[in-house]
Amino acid sequence: MSCDPPSGQPVIRTIAMPADTNPSGDIFGGWLMAQMDLAAGNLAARVARGRAATIAVEGMTFLKPVKVGDEVSLYADLVSTGRTSMRIHVEAWRRNRYGEDSVKVTDATFTFVALDDESKPRPLSGGI
């Protein structure tokens, strides 16, 4: 089963490598979650116009495995903002390196807080 990934460009596109596997040969869920956090953090830094830190992750379910050599594309969208925080939804899609079809492998919503120079929450300024 394949379907179309979200419209627009991915925030991150990477290749799953052998060093990222578990003993069964599938990519570690933690590696995928880290890639998703990087994608969300990229958008969070732009929205915060500075440093931001992950404070929560909601609703991650692994739908399909990622294999060595798969291209993984991560799409991030701003869901909402508060005074100091933002929620960013990330979808992870894989494409077999020899094919064209993309398959959604997981998604989750990451909550970030904007930080000042002393690592304390600060109000969001402007955003993108």
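How many bridges join strand 1 and strand 3, and in which sense do the two strands pair? They run antiparallel to each other, and four bridges hold the pairing together on paper, with strand 3 covering residues 71-81. Keep in mind that this is a predicted model.

## The sheet

Let's start with the whole sheet. Five strands make up an open sheet, and reading across it you meet them in the order 1-3-4-5-2, with antiparallel pairing. Strand 1 (12-15) and strand 2 (52-58) sit at the edges, and each has a single partner strand, so one side of each is left without a neighbour in the sheet. Neighbouring strands are turned against each other by 30° on average, if you ignore direction.

Back to the pairing of strand 1 with strand 3: here I15 stands opposite E71, a residue of strand 3. Remember E71, as this residue comes up again below.

## The helix on the sheet

Helix 1, residues 29-48, packs on the sheet. This helix touches strand 1, strand 2, strand 3, strand 4 (85-95) and strand 5 (102-114). Its direction makes about 50° with that of strand 5.

## A network around E71

Now for the charged side chains. Side chains of opposite charge can pair when their charged atoms come close. The structure holds seven salt bridges, among them one between the side chains of R13 and E71, at 3.7 Å from N to O. That pair links distant parts of the chain, with R13 in strand 1 and E71 in strand 3, 58 residues apart.

E71 also meets R95 in a salt bridge, this one at 3.3 Å, N to O. Here the link runs from E71 in strand 3 to R95 in strand 4, 24 residues apart. Put together, R13, E71 and R95 are linked in a network of salt bridges.

Which members of this network are buried? Both E71 and R95 are; for E71 the relative accessible area is 17%, under the 20% limit for buried. R13 is partly exposed, at 48%.

## A link to the edge strand

Another salt bridge joins the side chains of R87 and E58, at 3.1 Å from N to O. R87 lies in strand 4 and E58 in strand 2, so this pair ties together parts that are 29 residues apart in sequence. Strand 2 is the edge strand mentioned earlier, with a single partner strand.

How accessible are these two? R87 is partly exposed, with a relative accessible area of 28%, and E58 counts as partly exposed too, at 36%.

Notes: Residues numbered from 1 in each chain as written. Predicted model: local features only at pLDDT ≥ 70, side-chain atom pairs only at ≥ 80, totals over all residues. Heavy atoms only, no water. Pairing = 2+ DSSP bridges. Axes fitted to C-alpha atoms, helices over the stretch in contact; angles between N-to-C directions. Contact = heavy atoms within 4.5 Å. Salt bridge = Lys/Arg side-chain N within 4 Å of Asp/Glu carboxyl O. Buried < 20%, exposed > 50% of the residue type's maximum accessible area, 1.4 Å probe, protein only.
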